[in-house]
Amino acid sequence: MVLLLSGAMLTIITIQGAAQTEKDQSLKEPLKYYCGKGEVVSLDEDRMAAAIKHERIEGFMEAMTMRFKAEDSHVLKDISPGDRVRFTLKDTPSRTRLVYIERIDEKK
Ligand SMILES: [Cu+2]
């Protein structure tokens with residue numbers, strides 16, 4: 001009887017787990033990636049964000065200087081203020097994150 005009950009509990013937990021996954025997937029936000037170019041103005045001390053003077057980003061925003069948060073601590077590790085860069089943004093309705101950035105040598 002104890003074993004039977006345990007089995008029933010396990011089944012319930014498993015079903016709830018599946019329902020939770022489906023719910024999470026239905027909450028997934030639309031995702032877009034944008035590429036831009038610009039110059040790094042400054043970096044946060046923890047390298048989790050950078051202010052970038054960026055050119056117009058087609059379909060996303062006009063030229064401006066703004067701060068972008070990094071997706072994780074690796075993204076900005078090889079970048080310095082003053083670097084001319086090319087970067088990729090991951091954008092959802094709730095957040096925009098730098099997912100890739102590299103230094104480029106071309107002149108403006
Ligand atoms: Cu901007």
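Me: Two strands count as paired if DSSP finds at least two bridges between them. With that in hand, how many bridges join E2 to E3 in this structure, and in which direction do the two strands run?

Reply: Before the count, please keep in mind that this is a predicted model. In it, E2 and E3 are joined by six bridges and run antiparallel. One position where you can see this pairing is Lys 53, which stands opposite Thr 65 in E3.

Me: Which elements does the chain have, and in what order do they run from the N terminus?

Reply: There are one helix and five strands, and reading from the N terminus the elements follow the pattern α-β-β-β-β-β. The five strands close into a barrel, with the order E1-E2-E3-E5-E4 and mixed pairing. Within this sheet, neighbouring strands are turned against each other by 50° on average, direction ignored.

Me: How should I follow the pairing of E1, and which strands does E1 meet?

Reply: Take the two partners in turn. Strand E1, residues 32-43, runs antiparallel to E2 and is joined to E2 by five bridges; here Val 40 has Ile 52 as its bridge partner, and Ser 42 stands opposite Ala 51. E1 also pairs with E4 in the antiparallel sense, over eight bridges, and on that side Cys 35 stands opposite Thr 88.

Me: And where does the pairing lead from Thr 88 in E4?

Reply: Thr 88 stands opposite Tyr 100 in E5. E4 and E5 pair in the antiparallel sense over seven bridges, and these two strands form a hairpin with four residues between them.

Me: How do I read the two faces of a strand such as E2, and which residues lie on the covered face?

Reply: In a regular strand the side chains alternate between the two faces of the sheet. In E2 the covered face carries Ala 50, Ile 52 and His 54, while Ala 49, Ala 51 and Lys 53 belong to the uncovered face.

Me: Is Ala 49, then, buried or partly exposed?

Reply: Ala 49 is partly exposed, because its count of other C-beta atoms within 10 Å is 18, whereas a buried residue needs 20 or more. Leaving aside neighbours within four places in sequence, the contacts of Ala 49 are Asp 44, Arg 67, Phe 68, Lys 69 and Ala 70. Its C-alpha atom is also separated by 9.3 Å from that of Asp 72, a residue 23 positions away along the chain.

Me: What lies inside, and which residues have the most contacts in the largest nonpolar core?

Reply: In soluble globular proteins, nonpolar side chains tend to be buried together. Here the largest nonpolar core has 13 residues, and those with the most contacts inside it are Ala 50, Leu 76, Ile 79, Leu 98 and Ile 101. Strands E2, E3, E4 and E5 each supply at least two residues of this core, with E4 giving the most, namely three. Ala 50 makes a good worked example: beyond four places in sequence its contacts include Val 40, Phe 68, Leu 76, Ile 79 and Leu 98. Over the chain as a whole, 15% of the 108 residues are buried.

Me: Which residue in the hairpin of E1 and E2 takes a positive phi, and why might I look at that residue twice?

Reply: Most residues other than glycine have a negative phi. Arg 47, although not a glycine, has a positive phi of about 60°. Arg 47 lies in the loop between E1 and E2, a hairpin with five residues between the strands. With 16 C-beta neighbours inside 10 Å, Arg 47 counts as partly exposed.

Me: Finally, where does pLDDT stay under 50, and what is the mean for the chain?

Reply: Where pLDDT is low, the predicted coordinates should not be read in detail. That caution applies to residues 10-20, over which pLDDT stays under 50 and for which the model has zero contacts beyond four places in sequence. For the chain, the mean pLDDT is 83, and 72% of the residues reach 70 or more.

Key
Residues numbered from 1 in each chain as written. Predicted model: local features only at pLDDT ≥ 70, side-chain atom pairs only at ≥ 80, totals over all residues. Core = buried A, V, L, I, M, F, W, Y, C linked by C-beta atoms within 7 Å. Buried ≥ 20, exposed ≤ 12 C-beta atoms within 10 Å, placed from the backbone. Contact = placed C-beta atoms within 7 Å. Axes fitted to C-alpha atoms, helices over the stretch in contact; angles between N-to-C directions. pLDDT = per-residue confidence, 0-100.
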